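Here is a short report on a protein model with a bound ligand. Please read it with the structure open.

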Amino acid sequence: MKGLATDGGLYVPAEEITPFTGKKLFADNYQELANIIFVPFLSDFDSSEIEGAISSAYNDNNFDHPLITPLHKLSGSLFVMELWHGPTYAFKDIALQILPHLLQTAVKKTGEKSEIVILTATSGDTGKSALEGFRDVSGTRIIVFFPEKGVSEVQKLQMTTQEGCNVVVAAVKGNFDDTQTGVKAIFNDHRLADQLANDGYRLSSANSINWGRLLPQIVYYFAAYNNLVGQGEIQPGDEINYVVPTGNFGNILAGYYARQLGLPVKRLICAANRNNVLSDFIKSGIYNSCRRLYATSSPSMDILISSNLERLLFTLNGRDPELLSSWMTDLSNHGEYRINRGTLDSIQNLFWSDYADDEETRQKIADTYRDFNYLIDTHTAVGKAVLDKYLALENDSCPAVILSTASPFKFTGSVMQALFGNNAVKNISELELLETLARETGIEVPANLAGLRYKPIRHKQVITSETMRDHLLYCLKPF
Ligand SMILES: *Cc1c(COP(=O)(O)O)cnc(C)c1O
């Protein structure tokens, strides 16, 4: 329920994670696997509460594939795991479909009387995913602010047409930084918090430093492995590699936790875009965020400070809080820190990293479509490009699973441009491009995106970052 600790640190399990034993790693379906993995972590939830949350999240109303995270075989030992079969077609749905139910259960168990108000600033995927997760979940409200000029046409429509009786969506004049700054100011306003508490509300955030978003992500690493064993592609115990398009380090950290739980992971390949802070860090041990932030064709990875890395460093430095804290202080004071040799060695034993720029990304989308007749989005293409760099350097014949983090239809403009060139996208609206991409590839437009053009706009408010606080209070006023 707290998300961030009061001293600014991140929550981790109190004890070092140890491997599951024996055949407990295997289950018949995604839901059962989720249950096995959640039980030891949610030790104050009873089994019906855990099962209830799982069945409310991972069902065929919310996901359009029965396996939840199906694997697609590209060639001999190369697989893509599709993490985008949820309602908003990005991998964030896997966590944000269940987080509200975990939160709701936590509220009941702790006797919290206030209504939980989730407040989010979004540059695209997270806001919509959070809206879909929290809508109509009793005891919660969800308020999303997005930059009027900072999201794509489809992303904007996804949010302004949002249904649900507990949702507030408003555009904020300016760019993402203005929106983000406004939200931070609201979180730091202690008088406002007191006032809200009096009115029966408690502010919370759904961003990816919440432990409740990491835990659900561990499951699909096991699911991929189970599927490979089930299909006879590998034998139980064989090592495999995972390739993860990375931004805030949440997805790949779940892979690390999966390995700590005993999953036979050989390498976690961390794929970055032109904002290559992480790949520099994994190569050098120096984290340097003092650089320009580029807007790339894989916007969900345009990040200079990967918050969840802090959790990995804590485990790998021997759970030394003082040392970790000195690095994080350097980061906030100087924008840079350097880790010690031992920690760097542990990172390099498991992680490998490189990056791909927009041109390489476009090329990979086109190549993958041509060579394998398989369409990938820009984020997944960064993963494919980095895997190919890895394979060119390292003699590694282990099977590899690329985590596909978004449907190609979520980034139609870039995908169309990669396949058919600049003229194919010039002056054409994104809604139209959806149809064209479907026609050209013979793949159907995902239902919730196809339906966008027929949905009424329900949220028309445009406010300024100075009035976000008042807007929040207005929306929470009892009627
Ligand atoms: C959020 C996101 C990422 C980055 O994931 P992290 O957990 O922040 O590393 C990658 N791709 C897509 C499509 C995303 O939405």
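The text below covers the ligand site, then the cavities and a pocket, then the strands. The model is predicted.

## Ligand site

The ligand has 15 residues around it. Of these, K92, G247, N248, N251 and T405 come nearest. By class, the shell holds five nonpolar, eight polar and two charged residues.

Backbone atoms of several residues approach ligand oxygens. The table lists these contacts.

| Residue | Protein atom | Ligand atom | Distance |
|---|---|---|---|
| G247 | backbone N or O | oxygen | 2.7 Å |
| N251 | backbone N or O | oxygen | 2.9 Å |
| F249 | polar backbone atom | oxygen | 3.1 Å |

How much of the ligand does the protein bury? Taken alone, the ligand exposes 380 Å². The protein buries 97% of that area.

## Cavities

The whole structure was searched for enclosed space. Three cavities of 30 Å³ or more turn up.

The largest cavity contains about 70 Å³ of space. Its lining consists of V12, P13, E15, E16, I17, Y257, Q260, F314, T315 and R319. Two elements give two or more residues to this lining: α10 (250-260) and α12 (309-316). The lining of the largest cavity splits into five nonpolar, two polar and three charged residues.

The second largest cavity contains about 50 Å³. Which residues line the second largest cavity? They are T246, G247, A272, N273, N275, V277, L278, Y287, M301, I303, L304 and S306. No charged residue is in this lining, which has seven nonpolar and five polar residues. G247 links two parts of this account: G247 is among the residues that come nearest the ligand, and G247 also lines the second largest cavity.

## The second largest pocket

Now to open space. The second largest pocket has a volume of about 950 Å³. Its lining comprises 33 residues. F41, L42, S43, D44 and W211 lie nearest the centre of the pocket.

Three elements give two or more residues to the lining: α1 (30-41), α4 (99-110) and α9 (211-230). Which of them gives the most? That is α4, with six residues. F41 falls within the range of α1 (30-41), and W211 within that of α9 (211-230). By class, the lining of the second largest pocket has 19 nonpolar, seven polar and seven charged residues.

## Strands and sheet

The strands come in two settings here: a hairpin and an open sheet.

The hairpin is built from β1 and β2, with two residues between them. Strand β1 spans residues 71-75, and strand β2 spans residues 78-82. They pair in the antiparallel sense over four bridges. K73 of β1 stands opposite F79 in β2.

The open sheet has five strands, in the order β6-β3-β4-β5-β13. Their pairing is parallel. Why does one side of β6 and of β13 lack a neighbour in the sheet? β6 (201-204) and β13 (462-463) stand at the edges and each has a single partner strand, so one side of each is left without a neighbour in the sheet.

Within this sheet, β4 (residues 140-147) and β5 (residues 167-172) run parallel. Six bridges join them. I142 of β4 stands opposite V167 in β5. A general rule helps when tracing such strands: in a regular strand, side chains alternate between the two faces of the sheet.

## In brief

The protein buries 97% of the area that the ligand exposes when taken alone. The largest cavity holds about 70 Å³, while the second largest pocket has about 950 Å³. The hairpin of β1 and β2 is antiparallel, whereas the open sheet of five strands is parallel.

Methods
Residues are numbered from 1 along each chain as its sequence is written. This is a predicted model: local features need pLDDT of at least 70, side-chain atom pairs count only at pLDDT 80 or more; totals for chains, interfaces and linings use all residues. Side-chain values use heavy atoms; hydrogens and water are left out. A residue is near a molecule or strand if one of its heavy atoms lies within 4 Å of it. A polar contact is a pair of N or O atoms within 3.5 Å; within protein, one must be able to donate a hydrogen and the other to accept it, and residues adjacent in sequence count only if both atoms are side-chain atoms. Accessible areas come from the Shrake-Rupley method with a 1.4 Å probe; for residues, only the protein chains shown count as cover. Ala, Val, Leu, Ile, Met, Phe, Trp, Tyr, Cys and Pro count as nonpolar, Asp, Glu, Lys and Arg as charged, and the others, Gly among them, as polar. On a 1 Å grid over the protein atoms alone, a cavity is a set of points where a 1.4 Å probe fits but cannot get out, and a pocket is an open set with protein on both sides within 12 Å along at least five of seven lines; lining residues have an atom within 4 Å of a point. Grid points are joined across faces, edges and corners, and a volume is the space filled by probe spheres set on the points. Two strands pair if DSSP finds at least two bridges between them.
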